[in-house]
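Work through these exercises with the structure open. Each task comes with a worked solution.

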Amino acid sequence: MISHIMREWSGFSKICVIAALTTVAVTAVAVVVMSKKKKKEYELVGHVSALYCYPVKSCSGITNKIAFCTYSGLRMSNVLDRHFLITRADGTFVTQRQVPKLAGVKTSIVGQELQLDYEGKEYIRTPLYPKFSKDFIVPVRIWKHNVEAQFCGQDVSNWLSSALEEDLQLVVYVPGVTQRLSTTKNAIDKDKVSFPDESPYHIITEESLHDLNLRIPSSENGEITTQNFRPNIVIKGVKSAWDEDNWVSLKIGNKLEMRVLAPCDRCVMTTVDPEECKRRNDEEPLKTLRSFRLFPEVNKTAPLFGIFTGVTVENTIRVEDPVYALRK
Ligand SMILES: *[C@@H]1O[C@H](CO)[C@@H](O)[C@H](O)[C@H]1NC(C)=O
């Protein structure tokens with residue numbers, strides 16, 4: 001009798017052990033499978049083809065083969081992207097949206113100075129880093145943000161006013177005084193900016209630009225170029241146009257790391273011809289972009305082109321650097 005019970009017990013405990021082992025094994029396999037699925041790797045997606053910095057917001061930019069990516073934007077030739085801003089006398093910011101002729105103001109860096117050139121005018125220069133002066137701190141308004149910046153003086157402001165035939169002033173970013181948080185979705189505390197619209201970086205790919213141009217009916221206005229979109233970083237060699245829609249984070253060159261914050265919703269400024277310095281009469285590229293790049297869940301009226309990013313690990317960036325992406 002007792003031995004019978006013992007036999008039953010040992011049979012039962014055997015089943016228990018087998019059941020338990022099976023559960024452990026199944027769970028282990030499931031965990032391995034799931035972690036394999038979740039663990040995505042960075043893949044080579046292309047190479048850096050061009051770098052741009054726009055020392056004065058909405059004016060023509062500068063380009064170089066090397067730059068440094070700071071949390072607050074690209075620094076090239078010792079000047080931060082959108083380091084200067086043009087405002088009306090009351091401090092409200094001005095861009096090519098209101099003054100397309102701004103595209104004709106050429107910028108260059110000469111030593112520690114910004115040089116401005118405009119057709120038919122003698123150039124003018126102003127310090128990149130003027131000595132801080134409380135008396136020159138003025139309120140400026142950029143989109144919904146009220147910040148303070150340093151007035152660059154009457155000479156350069158008069159020069160701009162006479163070139164553009166409007167009463168304008170030039171102000172410069174003062175770290176710590178001017179800084180505002182990026183307003184882009186998913187931006188974090190590190191993403192503090194000077195005067196870009198919303199995000200520290202804007203990236204586009206040559207392949208998407210090419211696809212867009214193929215779709216635009218040919219017109220006397222000519223092709224759309226990178227300068228219609230004013231990116232900081234252009235990437236070439238992606239396997240298909242619009243690949244950037246799937247990127248979550250990037251590693252560029254040696255140690256530079258970026259987070260993708262959001263896709264970029266495009267406004268009427270893209271229709272300013274960067275050479276002619278006036279709006280195109282065919283409303284391109286907005287018109288064509290609206291026909292296939294409108295994603296109402298992101299923006300009901302503005303089509304998407306390019307991506308906004310922020311820096312996770314600061315570093316140098318060079319033309320030809322490989323670009324690795326982690327996909328969604
Ligand atoms: C849509 O995009 C336009 C142009 O960039 C912008 O002004 C507007 O605020 C955006 N709307 C939303 C809901 O994000």
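**Exercise 1.** Find how strand E7 and strand E8 are joined, and describe the turn.

Solution. The model is predicted. Start with E7, residues 106-110, and E8, residues 113-117. They run antiparallel, and five bridges join them. Take one position: Lys106 stands opposite Asp117 in E8. Now look at the link. Two residues lie between the strands, giving a hairpin. In the turn, Gly111 has a positive phi of about 60°.

**Exercise 2.** Work out the strand order of the open sheet of four strands, and name its edges.

Solution. The order reads E6-E12-E11-E10, and the pairing is antiparallel. Strands E6 (84-88) and E10 (137-142) are the edges, since each pairs on one side only. From one strand to the next, the twist averages 55°. Check one pair: E10 and E11 (residues 145-151) share six bridges in the antiparallel sense. There, Val140 has Val147 of E11 as its bridge partner.

**Exercise 3.** Place helix H2 against the sheet, then sort its buried and exposed residues.

Solution. H2 spans residues 154-164 and packs on the sheet. It touches E6 and E12 (168-172), and its direction makes about 135° with that of E12. Next, list the buried residues: Val156, Ser157, Trp159, Leu160 and Ala163. Viewed down the axis of H2, they fall within an arc of 155°, so they line one face of the helix. Residues three or four places apart point the same way because an α-helix has 3.6 residues a turn. The cover over the buried residues of H2 includes E6, E8, E9 (124-127) and E12. On the other side of H2, Gln154, Asp155 and Ser162 are exposed. Finally, Glu165, just after H2, takes a positive phi of about 55°.

Definitions and conventions: Residues numbered from 1 in each chain as written. Predicted model: local features only at pLDDT ≥ 70, side-chain atom pairs only at ≥ 80, totals over all residues. Pairing = 2+ DSSP bridges. Axes fitted to C-alpha atoms, helices over the stretch in contact; angles between N-to-C directions. Contact = placed C-beta atoms within 7 Å. Buried ≥ 20, exposed ≤ 12 C-beta atoms within 10 Å, placed from the backbone. Arc of directions from axis to C-beta.
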